[in-house]
Amino acid sequence: MSLQDQVAKRRTFAIISHPDAGKTTITEKLLLYGNLIQSAGTVKGKKSGKHATSDWMEMEKERGISVTTSVMQFPYKGATVNLLDTPGHADFSEDTYRTLTAVDSALMVIDAAKGVEERTVKLMEVCRLRDTPILTFINKLDRDVRDGIEVLDEIEDVLNIECAPITWPIGMGKSFKGVYNLLRDTTVLYKTGQGHTVQDVREIQGLNNPELDEAVGAAYAEELRDTLELVQGASHEFDLERFLAGKLTPVFFGTALGNFGVDHMLDGLVEWAPAPQPRDATSRTVAADEPKMTGFVFKIQANMDPKHRDRVAFMRICSGKYQKGIKLKQVRTGKDVRIADALTFLAGERDNVEEAFSGDIIGLHNHGTIQIGDTFTEGEDLNFTGIPHFAPELFQRVVLNDPLKSKQLHKGLTQLAEEGATQVFFPLRNNDVILGAVGTLQFDVVAARLKGEYGVDCRYEPVSVATARWVEAENEREMAAFERKAHDNLARDGAGHLTYLAPTRVNLQLAEERHPDILFRETREI
Ligand code: GDP
């Protein structure tokens, strides 16, 4: 198969959702459709307590962080689908955000009873940075949930994206009957008790087909016909171009637990979601089907076991093809490396890959030489852009248990920040060391790694920082003036960039109003 064909059949996506909306359950069903598992309920170590390997540190085991579920590749209807995991519970971190810069589309999962929740709003903002096309799955229709039209309204209002329902639910909760597909003009009937296998479904063609009235009951059929009139007036028709521009989302209803409707979404993903897209780099834009391999690192996962200091760097291939033994240049360092043992993620197993293509993710073993944002090429000097740091939302002051270890602490934190494990800030006005993160687990990981890898024993104390912004100005004079005026709130991050640490959101707002010449940025390019 040609490189063009390999690229064209790839779909690389991630799921964005608030915790408990059903991301894990959907992932499981997707693997069922990808024929990777025979029976759902076998994927996840997190809740069942099963783990593939035994040598992780306790914390890693307890929290269920696993390299194996970071990326899952499966075949579906002629496509090769890559699903990138976006850690959501305690293991939520900046990596969750950064993973979204490595996908070509995203699936938004909404709990139909809860509607749009806070984490989804935030993840959607990250998708907006690249206008990533979004599909939507409205989940848990087997429960008593909110009215569909109301949920769509909320998505349109809060997330500012047009909704194009592809399927529409008939009934809900105990009387959930199935969904009507607006594009195909067919009704697919729901059967309970098929959550663990690929469903056998009955389809009825046509909205006015008497079989429909008979199958779901005349009252439900009538209600469906009435509602659809309303829906058509209140929502948008599917438009591929607007979807690809990130302006419109196709919406599917169903129940992940009952394994119903997930396949409709997957069909939509394979049919409409984009194949690997061209990507901007410093010197030019790189097309996905260029023959030479390029890629960038968006995530580094440390093996917490001190006996295996192995870290896996996750690389998104942006062009060409990986072949065992390929020689790549790490552009930042200018060094050439031969890669013989990259990992692939078929079915959640760690396998050595022979080849991988643009759009795929491979895992590189590394001992601290690779950083987040690193570009690899077959020799060309280019760096991919659009792989940012995100402003942290949680802050703690680091306190050394042994004050003599201050030098090691600075070294360790600077390195861990480069790797993307945390962010570190050094205020201008005192000698504090402040850690920033977007998920609480990051603090524990950093403390454990400081101890294990740098011999530094530390603890955390609360600090009055609510949020941070990288600051920039058009010219140096403005910047210098701002530095004097805002001195007490300013810090340098691990890479030396000036950052405004705001004790409250209101303080940030006031600072922004008071200094209109200063740019307060929520992201910083690596
Ligand atoms: P995640 O946090 O987004 O990964 O959510 P999970 O997939 O772990 O689901 C959270 C909870 O919701 C679990 O108890 C699931 O069994 C349940 N759940 C997921 N999908 C459905 C659904 O379609 N219907 C019902 N009733 N429960 C669901």
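User: Before we turn to single residues of this predicted model, what makes a residue buried, exposed or partly exposed?

Analyst: A residue is buried if 20 or more other C-beta atoms lie within 10 Å of its own, exposed if 12 or fewer do, and partly exposed in between.

User: Why is lysine 77 called partly exposed?

Analyst: Lysine 77 has 14 other C-beta atoms within 10 Å, and because a count above 12 but below 20 falls in between the two limits, the residue is classed as partly exposed. Its place is in the loop between β2 (71–76) and β3 (79–84), and its phi is positive, about 45°, although lysine 77 is not a glycine.

User: What makes a positive phi worth pointing out?

Analyst: Most residues other than glycine have a negative phi. Asparagine 259, likewise not a glycine, has a positive phi near 55°.

User: Why does asparagine 259 count as buried?

Analyst: There are 25 other C-beta atoms within 10 Å of asparagine 259, and since 20 or more are needed, the residue is buried. Asparagine 259 lies in the loop between β11 (248–253) and α11 (262–272).

User: How do you know that the radius of gyration agrees with a compact globule?

Analyst: For 526 residues the globule rule gives a value near 24 Å, and the protein has 24 Å, so the two agree. The C-alpha trace spans about 80 × 55 × 45 Å along its principal axes, and 45% of the 526 residues count as buried.

User: Which helix gives the most to the shell around the ligand?

Analyst: Helix α2 (residues 23–33) does, with three residues; by class, the shell has four nonpolar, eight polar and five charged residues.

Technical notes: Residues are numbered from 1 along each chain as its sequence is written. This is a predicted model: local features need pLDDT of at least 70, side-chain atom pairs count only at pLDDT 80 or more; totals for chains, interfaces and linings use all residues. Helices (H or I, at least four residues) and strands (E, at least two) are DSSP runs, numbered from the N terminus. Ala, Val, Leu, Ile, Met, Phe, Trp, Tyr, Cys and Pro count as nonpolar, Asp, Glu, Lys and Arg as charged, and the others, Gly among them, as polar. The radius of gyration is taken over C-alpha atoms; the globule rule is 2.2 Å times the number of residues to the power 0.38.
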